Amino acid sequence: MKVSYCTNCHNRLWQLQQTLPHNLKFTKIDEIEIVVLAYNDASIKPYLEENYKEYLEDGRLNVYNHNDNLPYTFAHVKNLTHGLAKGEILFNLDSDNYIDGVENILPTITDNQLMITDKPLRDGRGGRIGMTRNTFNRLNGYRDNQRLPDDDDLILRAMALGKILVKAQCLLVPIANT
């Protein structure tokens with residue numbers, strides 16, 4: 001099954017420049033891709049085309065520009081990015097995060113499972129969530145919930161559907177947002 005790491009980026013090229021070299025080591029032609037959505041940000045695609053041409057040409061890296069006038073919400077951009085992915089397994093990977101501790105578990109995820117980090121960390125690792133495309137579609141993706149962060153809301157909805165949580169230990173700390 002093809003795995004897609006789904007990364008959205010809005011005014012965070014500086015983070016992507018630090019995480020992408022590490023994350024691309026985990027890609028494989030026709031098996032594992034990184035999808036980058038450049039949301040209302042014209043700097044990302046030219047940078048990736050200039051510096052990662054080989055990855056773009058062989059499909060290990062895919063970059064898309066998206067411009068709209070909607071207010072930026074995490075749920076909206078995550079849904080856009082996941083919708084562009086080609087894989088049967090989808091993994092949310094923010095631009096400030098590293099692939100770490102999930103690479104061996106993720107390809108084995110089934111429709112009755114949801115992969116999350118082993119601890120509900122509020123340093124950015126908690127947003128690393130993996131699922132099958134079927135699960136993503138059944139949940140209707142992420143949603144903006146005024147009471148809960150989008151990641152927590154998605155996890156609770158998955159649990160309500162009976163999904164089994166598979167926990168991965170992610171040790172690499174995300175790049176701090178400034």
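In which helix is glutamine 15 found? Select glutamine 15 in this predicted model, and the viewer will place the residue in helix α1. With a relative accessibility of 1%, glutamine 15 counts as buried, because buried means under 20% relative accessible area. If you now display what surrounds this side chain, setting aside its neighbours within four places in sequence, you will find glutamine 15 in contact with Ser95, Asp96, Ile175, Ala176 and Asn177.

**The cavity beside α1**

Stay with α1, which spans residues 13-24, and turn to the empty space inside the protein. Rolling a probe the size of a water molecule over the atoms shows where such space is left. The count comes to one cavity of 30 Å³ or more, and the largest cavity has a volume of about 40 Å³. To see its walls, select Thr7, Leu16, Thr19, Leu20, Asn23, Ile34, Val36, Leu93, Asp94, Ser95 and Asn97, which line the largest cavity. Ser95, which you have already met as a contact of glutamine 15, is one of these lining residues.

Which element gives the most to this lining? The answer is α1, with four residues, while both α1 and β2 (32-39) supply at least two residues each. Colouring the lining by class shows five nonpolar, five polar and one charged residues.

**Helix α4 and its buried side**

Next, select α4, which covers residues 74-84, and highlight Ala75, Val77, Lys78, Thr81 and His82, which are buried. These residues lie on the same side of α4, because they cover an arc of only 165 degrees around the axis. Extend the selection outward and you will see the buried residues of α4 packing against β1 (3-9), β2, β4 (89-92), α5 and α6; β2 is the strand that also contributes to the lining of the largest cavity.

**Salt bridges, from α4 to α6**

Side chains of opposite charge can pair when their charged atoms come close. The structure holds eight salt bridges, and three of them are visited here, beginning with a residue that is already selected. Lysine 78 forms a salt bridge with aspartate 151, and the closest N and O atoms are 2.6 Å apart. Lysine 78 belongs to α4 and aspartate 151 to helix α6 (residues 150-160), so the pair ties together parts that are 73 residues apart in sequence. Both partners count as buried, lysine 78 at 2% relative accessibility and aspartate 151 at 13%.

Move along α6 to aspartate 153, whose side chain meets that of arginine 143 in a salt bridge at 2.9 Å, N to O. Because aspartate 153 lies in α6 and arginine 143 in the loop between α5 (133-138) and α6, this pair ties together parts that are 10 residues apart in sequence. Are the two partners buried or partly exposed? Aspartate 153 counts as buried, at 2% relative accessibility, whereas arginine 143 is partly exposed, with a relative accessible area of 41%.

**A network to finish**

For the last stop, select Glu54, Asp58 and Arg60, which are joined into one network by salt bridges that share partners. Within it, the side chains of arginine 60 and aspartate 58 meet at 2.7 Å, N to O. Arginine 60 counts as buried, at 12% relative accessibility, while aspartate 58 is partly exposed, with a relative accessible area of 22%.

How values were computed: Residues are numbered from 1 along each chain as its sequence is written. This is a predicted model: local features need pLDDT of at least 70, side-chain atom pairs count only at pLDDT 80 or more; totals for chains, interfaces and linings use all residues. Side-chain values use heavy atoms; hydrogens and water are left out. On a 1 Å grid over the protein atoms alone, a cavity is a set of points where a 1.4 Å probe fits but cannot get out, and a pocket is an open set with protein on both sides within 12 Å along at least five of seven lines; lining residues have an atom within 4 Å of a point. Grid points are joined across faces, edges and corners, and a volume is the space filled by probe spheres set on the points. Ala, Val, Leu, Ile, Met, Phe, Trp, Tyr, Cys and Pro count as nonpolar, Asp, Glu, Lys and Arg as charged, and the others, Gly among them, as polar. A salt bridge is a side-chain nitrogen of Lys or Arg within 4 Å of a carboxyl oxygen of Asp or Glu. Buried means under 20% relative accessible area, exposed over 50%, partly exposed in between (1.4 Å probe, protein chains only). The arc is that of the directions from the helix axis to the C-beta atoms. Contact means heavy atoms within 4.5 Å.
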